[in-house]
Each structure stands twice: as structure tokens, then as C-alpha cells.
Amino acid sequence: MLFRSAIVSAEAAPEIAAQTAGALPADGSGCSEGFPRSLTAALGGEAADIAGLPASYKQAARALEQKFFHGAGKVYSCAETAAAPQGGRYPTSLEERLMEALKQHDMGRALETVDQFIEEMREAASAAAIRFFAGELVVQAAMELRKVKSLPIESDWLHDWRKRLESSETVKVLRDRMREWLSGVVERIRRDEQAATPMAKALEYMKTHLHRNISLHEVAEHVGMSPAYFSTMFKQEHGKNYIDVLVELRMKKSLKLLEETGMTVAQIGRLAGYESYRYFTKVFKDHFGVSPTEYRAQLNGGRRITSAW
């Protein structure tokens, strides 16, 4: 007599799942056709005696992972299950691309990035890793939006979304939920910006365009003010003139990149809005008392600079 483990994942009542598990053919043949779409089953290998059932169960559990990649309502056999990727690397480059799309309010690009995340991860990571990375991706994006756009994102709301993503039964459900999350975030950004004051909008515009030369005239036009009136209101609101605040923001971005990336000083300078390496180094040293290279060396000793902006 041969034994075999079967696992039934029930999207229906548990008693139905139990009945279905008892009716599965030993070889799994013909199961997927006509199999209830609310149920997914996985079969382990055959065992000569009861002592072999734990190993058969582990095989069935591995076979059930295919549900995430190929969908529910099927029967998966360990004999037909290809080795799934294990682990995987967190997609830092896609996180950066998603953040840039959200900062620029480019919903199309943000959705494309989510789709790319799904396609790349399903080829290189396990189901558990993909779920975890999806949760991490939205958390990191939300935290960055909270800092850059001062977006009021509640911790409970973010926690609930992470749980939803990490509990996704299939990759299709995961993608749909990530798209739903994106829509919600974009709507929050839209509402927040509608309620923002002109000076808050100006500061936000400056933060998201630091990589290029942005003039006072351009920012004033963005918020619908004359340059002279904008300059007066800006200083009244922030206690500093436009140029001083712009330099502060550029320096804060420089610190962040020096601390968190391995980019060269020249690359960081360009991203902070300075095409000239020499001029960037001069402004940085005038501002902090050390050059970018010297500051990076200080980081090894745990010494960091804090910025007001």
C-alpha cells in the first residue's frame, strides 16, 4: 500500500476542502479539469509507509507554492513542479524609479514600474521573497513621500497595506493590490496639493527639481505669483530668501546621497544641481566646514551632519 500527502488550499469552506482532498486521485491525473475554482491542491510524492509521509508533505508544500505563480483552482503535483527560485535581491533601482514617477505625478510610469517589478521578481525570487519585497517597496516609497512631499501617511494605513500585499495568494492578486495602492497614494498626493498653501507648493516644487537649475521666476510662475510678490511671501514664510533655502535643500540632498549611496562626488553634485564638481565642493565645504570627500570619510567613524531642511 502506498501513501501520499495532499494539501488543499481552500478559498471555500474548510469542510469542502476536506471532502475534495479525500477525492483526489493518487497520481493527480485529470484533477485540474473540472476542479473547483475556489480550491487549489498540491500532491507530494508517494511513500511506501506512514513514516515517509512527512517528506511527502514537504513535497506537497513546495508544489503548492506554484499557486502563487500560476493561479488558484488547479492541482499541482511535485512531479511536475520545477525548482522555484529561492531568495532574491531587493530591487533598489525599481524603488528609485517608482519614487521618481510618484514625485513627478507620472501614474503611467509608476504602473509600468510595478509591472516590471512583478515580471523581474517572478523570474528571480521565491513567492515569499516577492511578497516581502512588495511590502518593503510600498513602505519605502511611502516613507520617502512622507519626507519629500510631507505627505500625511498614517502608520496604521501603511501597516494594513503591507499585510494585504504579503498575504496575496497569487502574483496577479499582488499586482492588482500594488496598483490599487498606487492609485490611493496618487489620490492622496492630489488632495494634499489641492489643500497646500502656495509657499508649501513652492517648497515641494523646489525639492523635486533640485537636479536642475530652477530659478525664482520659474517657481513663482508654478504657484501663480509674480516674482517680486513671491520673493516677499517666501521670505516671510520661511525666514530666509529663495536662494538660501535652495542651497539648504541642495546640501540636504547631498548629505543623503553621500550617506546612502556609493555614487561619486561628481555624480552627487550633478543630482544636487551642480554641474561643476569644483563649485559643488566649494559650496559644500562653505556650508559644512568639510569637503564631500572628507565628510564621507567621517561617516566611517559614525559622525554625521544634520540639516534643518
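A residue is called buried here when its relative accessible area is under 20%, exposed when that area is over 50%, and partly exposed in between. By that criterion Phe-133, at 8% relative accessibility, is buried, and in this predicted model buried residues make up 41% of the 309 residues in the protein. The fold is built from 15 helices and three strands, and of the contacts with a separation of 6 or more, 66% are accounted for by residues 24 or more positions apart.

Phe-133 is also a useful place to begin with the aromatic side chains, of which a search of the whole structure finds eleven pairs. In one of these pairs the ring centres of Tyr-90 and Phe-133 are 5.8 Å apart and the ring planes stand at 70°, so the arrangement is edge-to-face, given that planes over 60 degrees apart are classed in that way. Tyr-90 belongs to the loop between β3 (75–77) and α4 (92–103), whereas Phe-133 belongs to helix α6 (residues 127–148), so the pair ties together parts that are 43 residues apart in sequence. The two partners fall into separate accessibility classes, for Tyr-90 is partly exposed with a relative accessible area of 24%, while Phe-133, at 8%, counts as buried.

Elsewhere, ring pairs join Tyr-274, Tyr-279, Phe-280, Phe-284, Phe-288 and Tyr-295 into a cluster. One member of this cluster, Tyr-274, also has a charged neighbour, since Arg-250 lies over the face of its ring at 5.6 Å from the ring centre. A further arrangement of this kind involves Trp-161, over whose ring the charged end of Arg-164 sits, 4.5 Å from the centre.

The aromatic cluster leads on to the packing of helices. Two packed helices are described by the angle between their axes and by the distance between those axes. For helix α12 (residues 242–260) and helix α14 (residues 277–288), the axes come within 11 Å and cross at roughly 100°, and the two helices are therefore roughly perpendicular to each other. On the α12 side the contact is made by Val-247, Glu-248, Met-251, Ser-254, Leu-255 and Leu-258, and on the α14 side by Phe-280, Val-283, Phe-284, His-287 and Phe-288. Sorted by class, the residues of this contact comprise eight nonpolar, two polar and one charged. Phe-280, Phe-284 and Phe-288, which take part in this contact, are also among the rings of the cluster described above.

Helix α14 also contains Tyr-277, which is partly exposed with a relative accessible area of 44%. Leaving aside residues up to four places away in sequence, Tyr-277 touches Val-265, Ala-266 and Thr-293. The C-alpha atoms of Tyr-277 and Val-265 are separated by 7.5 Å, with their positions twelve residues apart along the chain.

Leu-271, in helix α13 (residues 265–271), is likewise partly exposed, with a relative accessible area of 33%. Its contacts, again not counting residues up to four places away in sequence, are with Leu-210, His-211, Lys-253, Leu-257 and Met-263. Of these, His-211 lies 60 residues from Leu-271 along the chain, yet the C-alpha atoms of the two residues are separated by 4.5 Å.

A second crossing of helices is formed by α9 (residues 198–208) and α11 (residues 227–238), whose axes come within 10 Å and cross at roughly 90°. That angle makes α9 roughly perpendicular to α11. Here Met-199, Ala-202, Leu-203 and Met-206 in α9 meet Phe-230, Met-233, Phe-234, Glu-237 and His-238 in α11, and the residues of the contact divide into seven nonpolar, one polar and one charged.

Helix α11 also holds Gln-236, which is exposed, with a relative accessible area of 62%. The C-alpha atoms of Gln-236 and Met-199 are separated by 9.8 Å, although the two residues are 37 residues apart along the chain. Met-199 is itself one of the α9 residues that meet α11.

Definitions and conventions. Residues numbered from 1 in each chain as written. Predicted model: local features only at pLDDT ≥ 70, side-chain atom pairs only at ≥ 80, totals over all residues. Heavy atoms only, no water. Phe/Tyr/Trp six-rings, centres within 6.5 Å; stacked < 30°, edge-to-face > 60°. Helix = DSSP H or I, 4+ residues; strand = E, 2+ residues; numbered from the N terminus. Buried < 20%, exposed > 50% of the residue type's maximum accessible area, 1.4 Å probe, protein only. Lys NZ or Arg CZ within 6 Å of the ring centre and 35° of its normal. Axes fitted to C-alpha atoms, helices over the stretch in contact; angles between N-to-C directions. Parallel < 35°, antiparallel > 145°, perpendicular 65-115°, else oblique. Contact = heavy atoms within 4.5 Å. Nonpolar A, V, L, I, M, F, W, Y, C, P; charged D, E, K, R; others polar.
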